[in-house]
Amino acid sequence: MYIKRNYGFWMTMNWSKWPFIFGLLYAGIIFALAYFEIRLAIPWQPISIIGIAVAFYLGFKNNSSYDRTWEARKIWGSIVNNSRSFAAAVVAFVQGDDAASVQKELIYRHIAWMTALRHQLRLSRPWEHVGERLNKLYLPTVCENYSKKLGGELANYLSESDRNQLEGKSNLATQIMRIQSERLQQLKDENYFEDFRHMEFHQLVVSFYEDQGKSERIKNFPFPRQYASTALWLTLLFCIFVPMGLLDIFKDSVDNWTYWLCPPIAALIIWIFFLMEKIGDYSENPFEGTYNDVPITSIARGIEIDLREMINDSNIPQPIQAENGFLM
């Protein structure tokens with residue numbers, strides 16, 4: 001997530017420069033051919049109607065893409081709230097001679113669940129912009145290495161017994177929460193808290209599974225490809241006709257300097273429409289780890305700090321810092 005007040009102009013251009021460059025070259029060719037009296041002009045009126053239709057369609061796509069991003073942020077806001085409630089309940093409800101160690105165990109296991117979940121949400125899907133992660137100019141490396149990095153992180157929070165139970169499992173976050181639920185039942189049987197408190201813990205476990213399921217729904221179900229593809233091809237079709245429509249307007253000024261001003265104007269129109277299309281395209285997948293995703297790593301770190309401070313833990317990590325304006 002970009003956290004500065006505005007994207008810089010050159011940052012925006014670097015991200016979306018190719019439609020402008022190709023549009024300028026294409027429009028230059030069209031106007032050069034027309035200069036040598038090759039008739040390519042098309043009346044502007046029908047092209048403008050197509051442009052209005054494309055603009056409405058891009059608006060629909062961008063609104064739908066924004067809804068996916070905003071829903072993802074609300075889901076992780078719920079994880080924040082429920083995690084704090086869980087930690088407060090652990091500190092208040094768990095009693096006994098070794099209550100401190102049990103509280104730490106439960107808190108650490110919950111942090112392990114968040115760690116596994118955010119790693120899983122950053123795994124690549126075929127419809128995501130995997131190639132963009134190679135661009136290090138404005139983008140920090142935020143796509144976690146699931147197979148190598150996750151095991152080392154979980155070792156900081158889970159016992160060897162817990163880690164052994166995860167071997168061979170496909171969805172580690174689900175299994176960690178299952179271990180947590182079984183451990184809560186065991187603690188209730190050992191009278192660390194009574195039935196009513198156990199029901200409260202169970203409801204929180206249910207809420208965590210709900211938040212995980214909602215996150216996985218957005219991650220594993222792409223923005224419908226028919227809508228995404230139609231927006232792209234309609235934008236391309238409209239942009240093909242833009243220089244020809246402008247040629248119809250400026251064909252009488254072929255001996256004037258304004259005639260050669262039209263290719264940059266056509267390229268600017270093409271760039272604007274493709275920029276709108278790209279904004280929607282890059283808002284579809286809020287967990288893919290690129291420019292405009294939800295900063296789940298930073299959110300998870302903030303939750304970890306809150307929870308570990310509740311049990312007066314030591315060596316608490318610092319909040320994630322932005323890199324080149326991006327918060328991962």
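The following paragraphs describe the nonpolar cores of this structure and the surroundings of one serine.

This is a predicted model, in which local features need pLDDT of at least 70 and side-chain atom pairs count only at pLDDT 80 or more, while totals for chains, interfaces and linings use all residues. Residues are numbered from 1 along each chain as its sequence is written, and side-chain values use heavy atoms, with hydrogens and water left out.

A nonpolar core is a set of buried Ala, Val, Leu, Ile, Met, Phe, Trp, Tyr and Cys residues joined through side-chain atoms within 4.5 Å; buried means under 20% relative accessible area, determined with a 1.4 Å probe on protein chains only. The largest such core has 50 residues, and W76, V94, W113 and F201 have the most contacts inside it. At least two residues of this core come from each of α2 (44-93), α3 (99-121), α4 (146-154), α6 (172-189), α7 (195-220) and α10 (296-310). These helices are DSSP runs (H or I, at least four residues), numbered from the N terminus. The largest share of the core, 12 residues, is supplied by α3.

With neighbours within four places in sequence left aside, V94 is in contact with A89, A99, V102, Q103, L106, Y192, F193 and F201; contact means heavy atoms within 4.5 Å. A second, separate core of 20 residues includes A27, V242, L247 and A266.

S16 is placed in helix α1 (residues 9-35). This serine counts as buried because its relative accessibility is 1%. The side chain of S16 makes a polar contact with the side chain of W271 at 2.9 Å. Such a contact is a pair of N or O atoms within 3.5 Å; within protein, one must be able to donate a hydrogen and the other to accept it, and residues adjacent in sequence count only if both atoms are side-chain atoms. A polar atom of the S16 side chain also lies 2.8 Å from the backbone oxygen of T12.
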